[in-house]
Each structure stands twice: as structure tokens, then as C-alpha cells.
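Visitor: I'm new to this one. Could you pick a single part and take me through it slowly?

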Amino acid sequence: MAFIDSHHHLWELNKVCYPWLEARGSERFFGQPDPIRKNYLPEDYRQDHQDNIRQSVHIQVGCITEHNLRETQLIESYIECGAPIAAIVAAVDVRSQNLAEQLAQQCQYPHIKGVRHMIGKSPDENHQLPRFNGIEWITGWEMIADKQLSFDLQLTEEQYESVFQALQSVPQLNVVLCHFASPWDQSEAGYQRWLKAMEKFASLDNCFIKLSGFSMFTHSFNQANFIKYGLAAINLFGANRCMLGSNFPVDKLHMSFTELFKAWHGLGDKLDCQQKLQINAETAQRFYRMDHKQPEL
């Protein structure tokens with residue numbers, strides 16, 4: 001079976017500067033990154049997924065601002081050498097006065113299909129980021145939509161309502177919630193709050209969701225829980241607005257691709273053929289406007 005991986009990362013430490021990878025011994029919201037503090041190249045990614053990924057979407061990794069364009073150039077060079085990356089989501093600063101210039105520079109590259117600027121990471125690390133103020137983001141989101149780019153949205157629970165209110169002002173912007181919208185509290189009460197919030201986001205026709213990054217919130221992988229949240233997301237958004245993502249090599253800290261594929265197949269077994277086709281490939285292909293032929297399943 002062929003999958004499109006809608007969310008993965010690559011990095012080359014001697015070409016782009018990633019501060020979070022250079023901080024040895026540091027503990028981050030997704031875990032202790034020392035085991036992945038080394039180059040992760042297209043061949044490393046291919047060895048991990050064992051040719052079960054036919055196409056993929058590369059998501060910006062968290063380099064210094066001065067290297068945002070350099071990161072895009074690096075990923076384009078991998079594509080030129082044959083890496084089956086069909087779309088790139090680049091890093092920009094949505095709140096910056098020079099956003100138009102950033103977008104123009106990124107759009108020079110043929111595989112740029114979207115951008116990302118993290119709004120939230122975790123309840124513990126959000127204090128390191130500017131407090132979300134929708135007024136400061138709406139103009140930037142409008143500019144991104146005008147460029148026919150999508151927006152990868154990473155946020156946390158305390159930001160749900162304010163971000164939802166702001167997103168209502170930009171129905172023309174295709175948005176995808178990264179990593180199940182970061183369900184840090186997976187108690188029954190937390191799950192119920194997540195359901196109510198996702199119902200609101202799903203009411204926005206331009207809002208999609210990634211079934212990805214699930215191990216970051218517990219620093220382990222629970223297949224049954226992944227399927228529980230995955231089925232709930234599909235029920236709310238529809239399979240035509242849900243896509244699978246590995247979040248490798250970050251999630252490699254807590255799981256293997258073998259475990260992840262088992263979960264993906266387990267989720268697919270509970271869906272009809274059309275739904276399975278959509279979450280496995282079609283939704284990501286359509287959302288990121290991929291030019292390549294749809295993989296056969």
C-alpha cells in the first residue's frame with residue numbers, strides 16, 4: 001500500500017543552523033532530542049520507511065530565521081537529486097513587516113505549496129512564543145492566501161478559541177491543524193474538550209487536520225489511542241479533510257515506522273475504501289496541490 005506522508009522533516013547540520021538541535025542535553029516538549037541530533041537525509045528517511053512512502057511533504061524544521069530560505073534551497077536540492085518530496089512547507093514570520101518579501105522569495109521555488117509559523121508548542125514552552133493576538137495574524141494570513149499558499153497551523157489547547165475566532169476572518173486560506181491540534185491532555189476530560197474544540201474547527205470548510213505527531217504528547221505511542229483520536233477526527237472533519245503524517249524523525253524518538261504503519265493500517269481497517277484512499281493519499285495531494293500522479297493503493 002502506498003502512502004503520502006504529509007508531515008516529515010529532513011536536516012543537514014553543516015548547511016542549515018537549527019538551534020534546538022545544537023543545544024545538547026536539552027529537554028524539549030517532544031522529548032530529549034539527543035538521539036536525532038545528527039544529519040537526517042533523504043536516504044535515512046527512506047531507510048526508515050522502507051519504500052512504503054511514495055510521496056511526501058517536507059515541513060520546516062526550526063532553523064534560524066536567516067536560514068529560512070536556505071532550508072528551502074536545501075530541500076529543493078534533494079528533490080533535484082530524486083527525493084520524492086512533492087511539496088515543501090517553508091518557514092516564514094507571519095507577524096513580520098516584511099512578510100510579502102519573505103513570501104515572494106519562497107515562491108521562487110517550484111515545490112513551495114505552504115508555509116508554517118508555530119503559534120503554540122506546548123503548555124510549558126508557549127511562554128517562549130508571543131501571545132497569540134488574532135489581529136496581528138489575519139493580515140498575514142490574507143497575504144498567504146493571496147499567494148495561493150496553505151498554512152500549517154500548530155497550536156495548543158489554551159489557544160483554540162482565540163485562533164478559531166481569528167480563522168473565521170480568512171475563509172479563503174486553506175489551513176491544516178498539525179498533529180491532531182496537540183491534544184496534550186488525553187484524560188477523558190481532556191478528550192471531551194478536544195472533541196468540542198475540533199467540532200468548531202471542523203465547521204470551517206477550509207480547515208483540515210493532520211493525523212500525526214501523536215507520540216509527542218505522551219513520549220510513547222499508543223496505537224489504540226491513536227485510532228480513537230483518528231476516528232474521531234475523521235468523523236468530525238470527514239476523511240476528505242484528514243491526512244496521515246509521520247513527523248519523522250521527531251517521532252522516531254518514541255516509535256518506529258513499523259509501529260506507525262501498523263497503526264495506519266489499523267485505522268484504515270475501520271474505514272471504507274474511499275475514506276482509506278483519502279487519508280492515505282488523496283487529501284494531502286489535493287491540499288498541497290501536488291503535481292505528481294496519485295499513487296495506486
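Guide: Let's take a close look at strand 5 and its neighbours. A quick note to begin: this is a predicted model, where local features need pLDDT of at least 70 and side-chain atom pairs count only at pLDDT 80 or more, while totals for chains, interfaces and linings use all residues. Residues are numbered from 1 along each chain as its sequence is written, and side-chain values use heavy atoms, with hydrogens and water left out.

Strand 5 covers residues 150-153; helices (H or I, at least four residues) and strands (E, at least two) are DSSP runs, numbered from the N terminus. In a regular strand, side chains alternate between the two faces of the sheet. Here both faces are covered: Ser150 and Asp152 are buried on one side, Phe151 and Leu153 on the other. Buried means under 20% relative accessible area, with a 1.4 Å probe and protein chains only.

Now look to either side. Strand 4 runs parallel to strand 5, joined by three bridges, and Val115 stands opposite Phe151. Strand 6 (residues 175-177) is also parallel to strand 5, again with three bridges, and there Leu153 faces Leu177. Strands pair if DSSP finds at least two bridges between them.

Next, follow the chain through the helices. Strand 4, helix 5 and strand 5 make a right-handed β-α-β unit. Strand 5, helix 6 (residues 160-167) and strand 6 make a right-handed one too. Right-handed means that, with the strands pointing away from you, the path from the first strand over the helix to the second runs clockwise.

How values were computed
Buried means under 20% relative accessible area, exposed over 50%, partly exposed in between (1.4 Å probe, protein chains only).
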